[in-house]
Amino acid sequence: MENTINFKGWVDAFELTHPMVIAGPCSAETEDQVIQIAQQLKDSDVSVFRAGIWKPRTRPGGFEGVGAIGLKWMQKAKAETGLLLATEVANAAHVKLAIEHDIDILWIGARTTVNPFAVQEIADALKGSDKIVLVKNPVNPDLGLWIGAIERLYNAGITKLGAIHRGFSTYEKTIYRNIPEWQIAIELQSRYPKLPIFCDPSHITGNREMILEVSQQALDLNYNGLMIETHTDPENAWSDAAQQVTPTKLKEIFKDLRIRKLTTDADGYNEEMQKLRRDIDFTDGKLFDLLGNRMQIAEKMGALKKEENIAILQSQRWNEVFKKMLEMGEARGLTQDFVERIFKAIHQESITHQGKMMK
Ligand code: PEP
Ligand code: MN
């Protein structure tokens, strides 16, 4: 996929002075519910009304969406409010119905992005249309799979493209429903700087209390927009009740969000920033020198262990070192999660270097 094409053109066409917002219920439930929510979102920072019509449920027996009838309710909402419409599509039949009902933005859900057959079917069904298509990240943290799905649409001639970052599932329970793994989205942005990226804090957090915090993190990373699940009666929503916010709450969130500028001409800013960037580059260089030194020491240890035929991994010693690292990290204001990840990676690399000497 060419990364020079400005896939953001369709976002720029909105001429917004703030990141674009897509809001609406997880699922369309009844005609009244759809119309009421859309009415309350009109005249706010929201540009696009979302509603799920076909719901991919992890297990059978849950509410699987109202189906095509909901598209009619959405069309009515559009006629009454002027909001554009977005819904999730998971197969060619969905695409056909969405196009017939004038849906403006089609998104591919996280459970569909993981399936190249389904994505290809959707891409084929979209050939020749000029719909906006947004691709949610796959449920598992795999950037290649995410890019692959976007490429299938690009190859089908879709140029109004974008990505939605909705977090990744984990076996361990965390404070998030789906952990953000921001670095994966940052990597996507740096490979395709002209591809717009949206954040879906609702599915990342799974919890309405954290929507503001995660939305702010996304804006700090220069995301182009947000998709936030919004319901007039969140507690009684037919799906994802814990994470939806009311339209009133959504407006409060907009008031509290700080929109960052990309740059400024303010006096002194650029000089000071340049100096800080030089300091960061210098520090990064030192970090790499130190890491290189550390691996040389590991190799010497490997050579010594080989002479005495000693196993590489000494669990007792590693546990002691690790405990000390956590304490040292804490004293320097580093989060435990960061120290754990970085130290496990360094330890793994050390084992590889020691192993090289054992051969
Ligand atoms: C949704 O947006 O309601 C949805 C099902 O999202 P995801 O594909 O991210 O789980
Ligand atoms: Mn949902």
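## Lysine 127, out on the surface

Lysine 127 is exposed, at a relative accessible area of 51%. That only just clears the bar, because exposed means over 50%. This is a predicted model, by the way. You'll find lysine 127 in the loop that runs from helix H6 (116–126) to strand S5 (132–136). Its C-alpha sits 8.6 Å from that of leucine 153, a residue 26 places away in sequence.

## Two more exposed loop residues

Arginine 59 is another exposed residue, with a relative accessible area of 67%. Look for arginine 59 in the loop between strand S2 (46–50) and helix H3 (69–81). Pair arginine 59 with leucine 287 and you get 47 Å from C-alpha to C-alpha, with their positions 228 residues apart in the sequence.

Asparagine 309 comes in at 70% relative accessibility, so it counts as exposed. Asparagine 309 belongs to the loop joining helix H12 (269–308) to helix H13 (315–331). Its backbone has a positive phi, about 55°, even though asparagine 309 is not a glycine.

## The whole chain

Stepping back, the protein chain has 14 helices and 8 strands. Its C-alpha trace covers about 75 × 55 × 40 Å along the principal axes. There are 359 residues, and 45% of them count as buried. Take the contacts between residues at least 6 apart in sequence: 72% of these link residues at least 24 apart.

As for the surface, the chain exposes about 19,100 Å², with carbon and sulfur atoms supplying 53% of that area. On the charge side, there are 44 positive and 49 negative charges, and the mean positions of the two sets are 3 Å apart.

## Around ligand 1

Which residues surround ligand 1? The set is Cys26, Arg50, Lys55, Glu88, Trp107, Gly109, Ala110, Arg111, Lys136, Arg166, His203 and Glu229.

Some of these residues put polar atoms close to ligand oxygens. For arginine 50, a side-chain N or O atom is 2.8 Å from an oxygen atom of ligand 1. Lysine 55 does something along those lines, with a side-chain N or O atom 2.9 Å from a ligand oxygen. With alanine 110 it's the backbone: one of its N or O atoms lies 2.8 Å from an oxygen atom of ligand 1. How much of ligand 1 does the protein bury? On its own the ligand exposes 290 Å², and the protein buries 97% of that.

## Histidine 203 and aspartate 240

Histidine 203 is one of the residues around the ligand, and its place in the fold is helix H9 (residues 201–205). Is histidine 203 buried or exposed? It has 9% relative accessibility, so it counts as buried. Beyond its neighbours within four places in sequence, histidine 203 contacts Arg50, Lys136, Arg166, Arg177, Asn178, Glu229, Asp240 and Gln243. Among these, aspartate 240 makes a polar contact with histidine 203, side chain to side chain, at 3.0 Å.

Aspartate 240 itself is in the loop between strand S8 (225–229) and helix H11 (247–256). At 19% relative accessibility aspartate 240 is buried, though it's a close call because the cut-off is under 20%. Aspartate 240 isn't a glycine, yet its phi is positive, about 50°.

## Serine 239

Serine 239 shares the S8 to H11 loop. With 4% relative accessibility, serine 239 counts as buried. Which residues does serine 239 touch, leaving out those up to four places away in sequence? They are Cys26, Ser27, Lys55, Arg57 and Gln244.

Cysteine 26 is 213 residues from serine 239 along the chain, but their C-alpha atoms are separated by 6.4 Å. With serine 27 the link is a polar contact between the two side chains, at 2.6 Å.

## Histidine 94

Last stop: histidine 94, in helix H4 (residues 92–100). Its relative accessible area is 13%, so histidine 94 is buried. A polar atom of the histidine 94 side chain lies 2.9 Å from the backbone nitrogen of alanine 90. Outside its neighbours within four places in sequence, histidine 94 is in contact with Trp54 and Val89.

Conventions: Residues numbered from 1 in each chain as written. Chains lettered and ligands numbered in written order. Predicted model: local features only at pLDDT ≥ 70, side-chain atom pairs only at ≥ 80, totals over all residues. Heavy atoms only, no water. Helix = DSSP H or I, 4+ residues; strand = E, 2+ residues; numbered from the N terminus. Buried < 20%, exposed > 50% of the residue type's maximum accessible area, 1.4 Å probe, protein only. Contact = heavy atoms within 4.5 Å. Areas by Shrake-Rupley, 256 points an atom, 1.4 Å probe, with all protein chains shown as cover. Lys, Arg positive; Asp, Glu negative; His and termini not counted. Charge placed at Lys NZ, Arg CZ, Asp CG, Glu CD. Near = heavy atom within 4 Å. Polar contact = N/O pair within 3.5 Å; in protein donor to acceptor, adjacent residues only side chain to side chain.
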